[in-house]
Amino acid sequence: MTPRLTWVALTAALLLTGMPAARADFAIAISPPRFEVEGRAGQVSRHALTLNNGSALTTVLQVSTADWRLAPDGTAAFTDELAPDSCRPWVAIERRSVSLAPGGQYKFRFEVTPPADTPARECRFALMFGGDGGAADVNGLRLPIAAQVAVIVYLRVGDARPVLRVAGSTTGTLNQLGTPALLVRNDGLAHGRVAGFLSGTDAAGTPLDYQPATTPILPGETRVIPLVPSRQGGGGQQVAVRFPVTVKGRLELSEAPPADLDLRIGP
């Protein structure tokens, strides 16, 4: 199977009054886009990712680690400061800077060594690749273009596993459309995700399929998981629904037993 690539492409247009725009491209591909790996206390866990420069510019990447947290909407916020339970002191990266020629490729290595007395837990951190995307010429001035790419790493230490369960249901808004959602609780020691093929109807009797969001559910967290509705046979495009809706089917809960759903969601 061909590895998936995470592409970050940033095109900057610099505008000055009465002057034409200058453009510069920053395009870095990273494979794999994230790591979900196993480790053991007291043992080194070694890994590598591949960097590809898809731009016509030589790009210098500054490399660091970061802690992160997940916002309610599923977006990650990164910080250089060590979180209280950070495992970043266990992480070693091979270098702090990488230069990629136009079209160039580089295999970047890192390793994680949990201390020998580490209990079962999940080590989570991000590898940050801060891009020097070159510069654009504007009226004789060289103005820098920069961007940043994050690769999330999950390393399970020992027998850390997710324990997911459906804790309830709710409604919300996704892409400005009303959307049913599940409340999923994780009582385990590692993150998990839900999956499944669900179906039902809305209040108008419209047959629907639902696609659960694949947002990670972190240990000790109850997260809202949208069930994106689409018309059956409609190609999966999200549609507006009339509440209440029915939701039926089997929901996969990572490594926990699946949940058979037969729900009415909404007022």
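Is Gln 176 buried or exposed? The exercises below start from that residue and work through a model that is predicted.

**Exercise 1. Classify Gln 176 and its neighbour Asn 175 by accessibility, and describe their backbone.**

Solution. Begin with the cut-off, by which a residue counts as exposed when its relative accessible area is over 50%. Gln 176 reaches 78% relative accessibility, so Gln 176 counts as exposed. Asn 175, with a relative accessible area of 59%, is exposed because that value also passes the cut-off. Next, place the residues: Asn 175 lies in the loop between S12 and strand S13, the latter spanning 177-186, and Gln 176 is found in the loop between S12 and S13. Finally, look at the backbone: Asn 175 has a positive phi of about 55° although it is not a glycine, and Gln 176, not a glycine either, has a positive phi of about 65°.

**Exercise 2. Trace the sheet that contains S12 and S13, and find its edges.**

Solution. First write down the strand order, which is S12-S13-S16-S15-S14-S17-S18 for an open sheet of 7 strands with antiparallel pairing. The edges are then strand S12 (164-174) and strand S18 (256-265), each of which pairs on one side only. Neighbouring strands of this sheet are turned against each other by 25° on average, with direction ignored. To examine one pairing in detail, take strand S17 (residues 245-253), which pairs with S18 in the antiparallel sense over 8 bridges. Within that pairing, Thr 246 has Arg 264 in S18 as its bridge partner.

**Exercise 3. Locate the cis peptide bonds that precede Pro 32 and Pro 244.**

Solution. Take Pro 32 to start with: the peptide bond leading to it from Ser 31 is cis, with omega near 0°, and Pro 32 lies in the loop between strand S2 (22-31) and strand S3 (34-39). Then turn to Pro 244, where the peptide bond from Phe 243 is cis with omega near 5°. Pro 244 is found in the loop between strand S16 (222-231) and S17.

**Exercise 4. Decide whether Ser 86 is buried or exposed, and name a side chain that it contacts.**

Solution. Start from the location, as Ser 86 is found in the loop between strand S6 (76-79) and strand S7 (91-93). Its relative accessible area is 14%, and because buried means under 20%, Ser 86 is buried. The side chain of Ser 86 is joined to that of Asp 67 by a polar contact of 2.9 Å.

**Exercise 5. Describe two of the aromatic pairs by their geometry and their place in the chain.**

Solution. A search of the whole structure finds 4 aromatic pairs. Trp 68 and Tyr 154 form one that is edge-to-face, at 5.9 Å centre to centre and with 85° between the planes. This pair links distant parts of the chain, with Trp 68 in strand S5 (residues 59-70) and Tyr 154 in strand S11 (residues 141-157), 86 residues apart. Both Trp 68 and Tyr 154 are buried.

For Phe 110 and Phe 125, the ring centres are 6.4 Å apart and the planes stand at 85°, so this pair is edge-to-face. Phe 110 in strand S9 (residues 105-112) and Phe 125 in strand S10 (residues 121-138) are 15 residues apart. Phe 110 is buried, as is Phe 125. As a last step, add Phe 35, which forms one aromatic cluster with Phe 110 and Phe 125.

How values were computed
Residues are numbered from 1 along each chain as its sequence is written. This is a predicted model: local features need pLDDT of at least 70, side-chain atom pairs count only at pLDDT 80 or more; totals for chains, interfaces and linings use all residues. Side-chain values use heavy atoms; hydrogens and water are left out. Two strands pair if DSSP finds at least two bridges between them. Helices (H or I, at least four residues) and strands (E, at least two) are DSSP runs, numbered from the N terminus. Axes are lines fitted to C-alpha atoms, for helices over the stretch in contact, and angles run from 0 to 180 degrees between N-to-C directions. Buried means under 20% relative accessible area, exposed over 50%, partly exposed in between (1.4 Å probe, protein chains only). A polar contact is a pair of N or O atoms within 3.5 Å; within protein, one must be able to donate a hydrogen and the other to accept it, and residues adjacent in sequence count only if both atoms are side-chain atoms. Rings of Phe, Tyr and Trp (its six-membered ring) pair if their centres lie within 6.5 Å; planes under 30 degrees apart count as stacked, over 60 as edge-to-face and the rest as tilted.
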